[in-house]
Amino acid sequence: VISSLLNLQARGAEPGVAGALAESQGRVKAMALIHQLLYERNDFSQVDLSAYLRRLCALFQEGYRGNRANFALRVDAPGEIFLSLQSAVPCGLLVNELVTNAVKHAFPEQRAGHIDVGLVATDDGHCVISVADDGIGLPADVIPGVSSSLGMQLIPLLAEQANGEWTVHREHGTRFELHIATAAAEGA
């Protein structure tokens, strides 16, 4: 319902406002997808992050299908990796922000490229979520948590809410990584 209201509001808005409303709509969809997965599994304590990332990225691909997207979105999230609900929501929002930022900024002037979303389990009960692009790279003066854009402000806040640690790599495009404890490690 909220997503539909934002969509209706965006129809008559000027382009800048319509873009901001579309980004908010993406955030709402990211949260709604987590709740959908909870209901499907009938388990309200944890979310399969692998399934969630695959479906979230499918929503992105669906959203850009008619817009002649100049990027390919690839997901590598094998197996099942579970996160608590308290960690999964900010992780989902973080991935949403990072993919949205890559779509908006990594490939200017119709430059083609790739956005890769990955999930890897580590031996210590943690996992690493990554969002990488082979675009123009994150400028040195753009600092998550310091830069004025909402997306850049949200990155450290969402990582903290998920009890994770984030890093950014600026070589050969941009790569963000979030290291976080899985539900099994949280329960131990």
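Ala72 stands opposite His114 in strand β4, and Leu73 stands opposite Ile115 in β4. The model is predicted, so local features are given only where pLDDT is at least 70 and side-chain atom pairs only at pLDDT 80 or more, whereas totals for chains, interfaces and linings use all residues. Residues are numbered from 1 along each chain as its sequence is written, and side-chain values use heavy atoms, with hydrogens and water left out.

**The sheet**

Strand β2 (residues 71–76) and strand β4 (residues 113–121) run parallel and are joined by 6 bridges. On the other pairing of β4, 7 bridges link this strand to β5 (residues 126–133), and the two run antiparallel. Ile115 also has a bridge partner in β5, namely Asp133. Two strands are said to pair if DSSP finds at least two bridges between them. Altogether 5 strands form an open sheet with mixed pairing, in the order β2-β4-β5-β7-β6. Because β2 and β6 (165–169) stand at the edges with a single partner strand each, one side of each has no neighbour in the sheet. On average, neighbouring strands are turned by 10° against each other, direction ignored. In a regular strand, side chains alternate between the two faces of the sheet.

**Helix α4 and its surroundings**

Helix α4 packs on this sheet and touches β2, β4, β5 and β7 (174–181); contact means heavy atoms within 4.5 Å. The direction of α4 makes about 15° with that of β5. Helix α4 comprises 21 residues (85–105), which at 1.5 Å a residue should span 30 Å, and its end C-alpha atoms are indeed 30 Å apart. The expected span is 1.5 Å times one less than the number of residues. Of the 21 residues of α4, 16 are buried, so the helix is largely enclosed by the rest of the structure. Here buried means under 20% relative accessible area, exposed over 50% and partly exposed in between (1.4 Å probe, protein chains only).

Two packed helices are described by the angle between their axes and the distance between the axes. For α4 and α5 (residues 150–161), the angle is about 155° and the axes are 9 Å apart. Axes are lines fitted to C-alpha atoms, for helices over the stretch in contact, and angles run from 0 to 180 degrees between N-to-C directions. The two helices are therefore roughly antiparallel, a term for angles over 145 degrees. Residues making the contact include Leu93, Leu94 and Leu98 of α4, together with Leu154, Ile155 and Leu158 of α5.

**Loops with positive phi**

Two residues other than glycine take a positive phi, as the table shows.

| Residue | Phi | Loop | Relative accessible area |
|---|---|---|---|
| Glu109 | near 55° | between α4 and β4 | 80%, exposed |
| Asn163 | about 60° | between α5 and β6 | 63%, exposed |

A glycine also has a positive phi: Gly125, near 85°, in the hairpin of β4 and β5, which has 4 residues between the strands.

**The whole chain**

The protein chain contains 6 helices and 7 strands. Helices (H or I, at least four residues) and strands (E, at least two) are DSSP runs numbered from the N terminus. Along the sequence they follow the pattern α-α-β-α-β-β-α-β-β-α-β-β-α. Of the 188 residues, 46% count as buried. Among contacts between residues at least 6 apart in sequence, 65% join residues at least 24 apart.

Conventions
Angles under 35 degrees count as roughly parallel, over 145 as roughly antiparallel, 65 to 115 as roughly perpendicular and the rest as oblique.
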